[in-house]
Amino acid sequence: MNKQNQNILIKGIGAAPGISFAKVYLYAKEKELISDAVITDVDEAIAALHDAIFRSKKELNKIFDLAVYKLGEKRAAIFEAQIMILDDPVLINTIKERIKNEKKVPEYIVHDEITKYQDLMNQAREPYMKERSQDIEDIKNRIIRNLKKKRWQSRIEEDVIVIAKSLTPADTVLFSRVNAKGFACDFGGLTSHAAIVARSLNIPAVVGLHDATAKINADDNVIVDGFRGEIIINPSTEVEKEYLDKIIRLAQFDAKLSVLKHEPAVTTDGREIDLMANLDLLEEIEIVKENGADGIGLVRTEQIFSSQDQFPDEDIQYETYLKLADDLAPNKLIIRVFDIGGDKVLPFDVKEPNPFLGWRGIRFLLDNKKLFKTQLRAILRASMKQNILIMIPMISSIAEIRSSKLLIEECRNELRQENVQFDENIKVGIMVEVPSAAVMAGEFAEEVDFISIGTNDLIQYLLAVDRGNEIVSNQYQEFHPAVIRTIRHIIKEGKNDHTFVSMCGEMAGDTLAVPLLVGLGLDSISVSPAMIPIIKKIIRSISYSEAKSLADKCLIFKTEKEISNLLQEFNDVYLKDAIQKI
Ligand code: PEP
Ligand code: MG
């Protein structure tokens, strides 16, 4: 291949794991030209508006049905919300009134009116609101396209990688129905709905690629590496071969690993680790079971209900938790109470200068006791199979633990009075993700039944590096000596009190980190469901005594480089053959 843009590597964010290689399909959403022409027949214009809204609804209903089939009802609710906007009488009446008064073509008024909504959302500080503004963009363009009587272009003849500035959840679902093998977008973050949909559909995706669309031409070929979060435009023959080999190895590897499904995650010298999964989407429960996890080590409850625009009531929560607990029993289900705030949107209109240092997790819950108790009651009611544990996020003081436990006790008393049964021995644990909790891990552990290290936040607070800021991302180091020593301290202190110590941050799913984490003495790790087989294979390939001496060496080092080099070396010596590297 002799192309000018050969072998160009662009780094973004891995939004959905997997690798694919195919011809590109440049999905340029046509920028509809909006004229502000004057109309003479108001009735005709209003009839055209109604017709366009009717067609848009019909399209979205079809997408909704497809999404229910592919993603399940809860996730498909994104589209239901879009359909509801088309039914919003205030919006539609305002548009109609303006057409009557201003006598301009309907597309002009639709564009102007919906853009006003979007501007408001874009002014919000929360990334979530900005991303929802993309969903509104989809509705706006859909109505305008229908006013112009154009059809959505989605016909793809061959297997392709869809390249776009941004993708809406609707685009993602529709492309999955044709032959999309991967997605690569200029914009978007991990929390965008399009990324979540791609993950659920198991299609590799990389987002946040900045100006990738400007560098890619219609006849290019592209590799999407959703593991590393990068794309390679027109790979050279060698790189192409390297990746095609990787794709084949991945498939073979998956097949081989599935043999371990019913085997424990035990080291060669007999130390068994509870290998659990993190759950962000209810649909992931299938992968959790298929991959043979020992349970769920973290349910991000604020995520599983994120498609609803208000907090679910006690009964809805109860049914959701009960179904998960039944599905998993006798395996454990660790339900983390709502960790709202930070980068996760607050239900109220609160502007905070530093949301990550603000009203987040347990701080928010203790200030909103009614909401907290609703969730606690729902969890308790669902606990009859005795496999549910309660976990509290963002704990920074013993007072917060005690206040939470008092509220749990209050809920138990209420339920007893109501003659509602629950697990009397339900265990309560905390996440250790704030440095104060790490420093006092021993004392904190005495108050609870288990602790789980949340490295995603612990690293950001320990090193003062925003976990979502690309500019400082190379300072966000999981192998910083201070991070390793802090993890060691938490485990040691927790063990002094015989408290069960787990880790559920992303670090637990880093293949390079696993031998070190086992060597540091963790009892359990909880990782994203897709990573269970490979992590199990790693644990089954190492001995605890080797892992311990690896950890001892890492605890002496003073620089990140020394630690990561040694872990790489360990990987090459002990694991390379066992786990053909992917
Ligand atoms: C963590 O902080 O490591 C964690 C697991 O919680 P979250 O990523 O949801 O903040
Ligand atoms: Mg956290």
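Let's start at Glu302, which you'll find in helix H11, the run covering residues 301-304. With a relative accessibility of 11%, Glu302 counts as buried, since the cut-off for that label is under 20%. The side chain of Glu302 has company: a polar contact of 2.7 Å links it to the side chain of Arg336. Keep in mind that everything here is a predicted model.

Arg336 is a handy signpost, as it is among the closest residues to ligand 1. The others in that closest group are Arg300, Gly454, Asn456 and Arg467, and 15 residues surround the ligand in total. Sorted by class, that shell has eight charged residues, four polar ones and three nonpolar ones.

Now for the individual contacts. A polar backbone atom of Asn456 is 2.8 Å from an oxygen atom of ligand 1. Next door in the numbering, Thr455 also uses its backbone, with a polar atom there 3.1 Å from a ligand oxygen. Arg360 comes in with its side chain instead, placing a polar atom 3.4 Å from an oxygen of ligand 1. How much of the ligand does the protein bury? Taken alone, ligand 1 exposes 290 Å², and 99% of that is buried by the protein.

Which elements supply the shell? Two of them give two or more residues each: strand E10 (295-300) and helix H18 (455-463). Helix H18 gives the most, with three residues.

Helix H18 also takes us to the metal. Ligand 2 is a magnesium ion, coordinated by an OE atom of Glu433 and an OD atom of Asp457 at 2.0 to 2.3 Å. Asp457 sits in helix H18, while Glu433 lies in the loop between strand E13 (427-432) and helix H16 (435-439), so the pair ties together parts that are 24 residues apart in sequence. Are these two residues buried or exposed? Both Glu433 and Asp457 are buried.

Time to zoom out. The chain's secondary structure comes to 23 helices and 16 strands. Its radius of gyration is 26 Å, close to the 25 Å that the globule rule gives for 582 residues, so the chain is as compact as a globular protein of that length. Along the principal axes, the C-alpha atoms fill a box of roughly 80 × 70 × 40 Å. Of the 582 residues, 54% count as buried.

Finally, a few backbone details to look at if you like checking torsions. Most residues other than glycine have a negative phi, and most peptide bonds are trans. Against that background, the peptide bond from Ala329 to Pro330 stands out as cis, with omega near 5 degrees. Pro330 is in the loop that runs between helix H12 (314-328) and strand E11 (332-336).

Two asparagines are worth a click as well. Asn7 has a positive phi, near 60 degrees, and lies in the segment before strand E1 (8-11). Asn234 has a positive phi too, near 40 degrees, and belongs to the loop between strand E8 (230-233) and helix H9 (237-257). Where they part ways is in their surroundings: Asn7 counts as partly exposed because its relative accessibility is 34%, whereas Asn234 counts as buried because its value is 0%.

Definitions and conventions
Residues numbered from 1 in each chain as written. Chains lettered and ligands numbered in written order. Heavy atoms only, no water. Near = heavy atom within 4 Å. Polar contact = N/O pair within 3.5 Å; in protein donor to acceptor, adjacent residues only side chain to side chain. Areas by Shrake-Rupley, 256 points an atom, 1.4 Å probe, with all protein chains shown as cover. Helix = DSSP H or I, 4+ residues; strand = E, 2+ residues; numbered from the N terminus. Nonpolar A, V, L, I, M, F, W, Y, C, P; charged D, E, K, R; others polar. Donors = N, O, S within 2.8 Å, 3.2 Å for Na, K, Ca; no water. Buried < 20%, exposed > 50% of the residue type's maximum accessible area, 1.4 Å probe, protein only. Rg over C-alpha atoms; globule rule 2.2 N^0.38 Å.
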